[in-house]
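Me: Please take a close look at the enclosed empty space inside this model, and tell me which residues line the largest cavity. I would like one connected account that also places that lining in its surroundings.

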Amino acid sequence: MQHFGTADVPKGNDSVGLIKVYVWFGIAAYRRYSSGSGYPNVSLSSPLPGIPKPVFAAVDGHEQCETKITTLENGLKVASQNKFGQFCTVGILVNSGSRHETKYPSGIAHFLEKLAFSSTAQYGSKDEILLTLEKHGGICDCQTSRDTTMYAVSAEVKGLDTVVSLLSDAVLQPRLLDEEIEMTRMAVRFELEDLNMRPDPEPLLTEMIHAAAYRGNTVGLPRFCPVDNVEKIDKTLLHTYLRSYYCPERMVLAGVGIEHEQLVACARKYLLDVKPVWGAGTPANVDLSVAQYTGGMVKMDKDMSDVSLGPTPIPELTHIMIGLESCSFLEDEFIPFAVLNMMMGGGGSFSAGGPGKGMFTRLYLNVLNRHHWMYNATSYHHSYEDSGLLCIHASADPRQVREMVEIITREFIQMAGTAGEMELERAKTQLKSMLMMNLESRPVIFEDVGRQVLATGKRKLPHQLCDLISNVTGSDIKRVSTKMLRSKPAVAALGDLRQMPSYEHIQAALSSKDGRLPRMYRLFR
């Protein structure tokens, strides 16, 4: 091999000359190796001789990736996860949602979501808040679910002090002006209208299946404000609710992309001795009820023929969702249920993508591939701290509703059969892949940290969850499925329901060996 002499290497800042030397060396090396004179029999899988061993960046032990948690004197938990980058996501999660509205008119959490980041004691309007965040390249958002309210901000790390100050103000010092509440009423009414008109009925069906599964209690209470309650919710009622649920011991300040000590310092500065606008005091009327699974049926006869008009309208469909009680996310059975849900999979009758998208899941292979007339078959798993619900959503032409329901009940019965080794491994691999891919996103890590610490006071790391997924066996799937099939079904039905089987027939099918509906004999057709 030729070596460069000192005269051949360019001196000083002659970068052009340096590039010429490297290009020349590359061409010479290419000619040498391509002619076969260099290393004629080198395998691509073995390292080339003379190449130094690569050194990869690594963290010093697990302490770099662990979630750090500190509890302040007032009961507020501060949780952080370090992550490289100049941006961070910080937010406050509150143990408050639609399930806590037993003693109040339903819809308060929905109103608070719309009122979030409006005028506060420090900021005169939403525009002022947005302009403040803009200086640090930031955005804000608020989301409510059945059990959690989450206020979040993503911004530059150097603006952390401003961000925590703003979050404290938005959560504890909202003005709740009359004009803001009136605008929220308009926004809520519009959202309720949109919910009933949109072509995708999944949010409405999810509401209906929860109402059927937990009739009149906890997670069965409506997540969206009922039309009758829009005018009932005012500032006084909101303050009464906030006084009970927006207290430090029910909150977590979570951050991703910042140093833990820095976040704790900001929490002490802005969240430790702050008196809320509704006044300090011992929380009263806190609902501690445990979810009571009831099962049942909620039906809504609706004309779906004009849901999607246009050059390629969606045909009139009837939508069915059948669910059974699973488990809470605090139980050991949660992971096997997550694998079972991934194994069922499913989706729409037309789905771009290949096997990686789940084309080998049971609902694709057994349902959509065999019954061309079914437009959709998808499995969902909703899990809470005291209960859970595994359900299948299917849609088809109204004339084939009975057959569609029987196909779904058959799939539920087959869950308790023996899972194939290949499909189980595929489901576990896909679940781990989806988990790790989602946790590459900073806002998703933030939500994961906040929700886990709020619910359990600690956080299971991704590699621990992957180990739990890997340990799931076919007997685990069979055990949890058999237990689930003992519960009463929850059924939601939307559309033309003239061919819909009765609840008793669906219950009988799920109690049978083959999942078939009882036969119906008619004298006249």
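Reply: In this predicted model, the lining of the largest cavity is made up of Leu112, Leu115, Ala116, Phe117, Tyr151, Ala170, Val171, Pro174, Leu176, Leu242, Tyr246 and Trp278. Two elements each give two or more residues to that lining, namely helix H2 (108–115) and helix H4 (160–172). Sorted by class, the lining residues of the largest cavity are twelve nonpolar, no polar and no charged, and the volume they surround comes to about 70 Å³.

The nonpolar core provides the wider setting. The largest nonpolar core has 75 residues, and Val90, Phe117, Tyr151, Val164, Leu238, Tyr246 and Leu253 are those with the most contacts inside it. Helix H4 gives the most to this core, with eight residues, and the core draws at least three residues from each of domain 2 (67–285) and domain 3 (296–510). Phe117, Tyr151 and Tyr246 are named both among the lining residues of the largest cavity and among the core residues with the most contacts. Leu238 is another of those core residues; leaving aside its neighbours within four places in sequence, Leu238 is in contact with Ile108, Phe111, Leu112, Leu115, Leu176, Ile181 and Ile233. Of these contact partners of Leu238, Leu112, Leu115 and Leu176 also belong to the lining of the largest cavity. A second, separate core of 53 residues includes Phe337, Val472, Ala493 and Ala509.

The search of the whole structure finds two cavities of 30 Å³ or more, and the second largest holds about 60 Å³ of space. Its lining consists of Met342, Met343, Phe360, Thr361, Arg362, Glu423, Arg426, Ala427 and Gln430, with helix H9 (334–344) and helix H12 (421–438) as the elements that give two or more residues. Helix H12 gives the most to the lining of this second largest cavity, with four residues. By class, the lining of the second largest cavity has four nonpolar, two polar and three charged residues, whereas the lining of the largest cavity has no polar and no charged residues.

As for the chain around these spaces, its secondary structure comes to 16 helices and twelve strands, and 49% of its 525 residues count as buried. Among contacts in the chain between residues at least 6 apart in sequence, 79% join residues at least 24 apart.

Methods: Residues numbered from 1 in each chain as written. Predicted model: local features only at pLDDT ≥ 70, side-chain atom pairs only at ≥ 80, totals over all residues. Heavy atoms only, no water. 1 Å grid on protein atoms, 1.4 Å probe; cavity = no way out; pocket = protein on both sides within 12 Å on 5 of 7 lines; lining within 4 Å. Points joined across faces, edges and corners; volume = space filled by probe spheres on them. Nonpolar A, V, L, I, M, F, W, Y, C, P; charged D, E, K, R; others polar. Core = buried A, V, L, I, M, F, W, Y, C linked by side-chain atoms within 4.5 Å. Buried < 20%, exposed > 50% of the residue type's maximum accessible area, 1.4 Å probe, protein only. Domains from an automatic or database assignment. Contact = heavy atoms within 4.5 Å.
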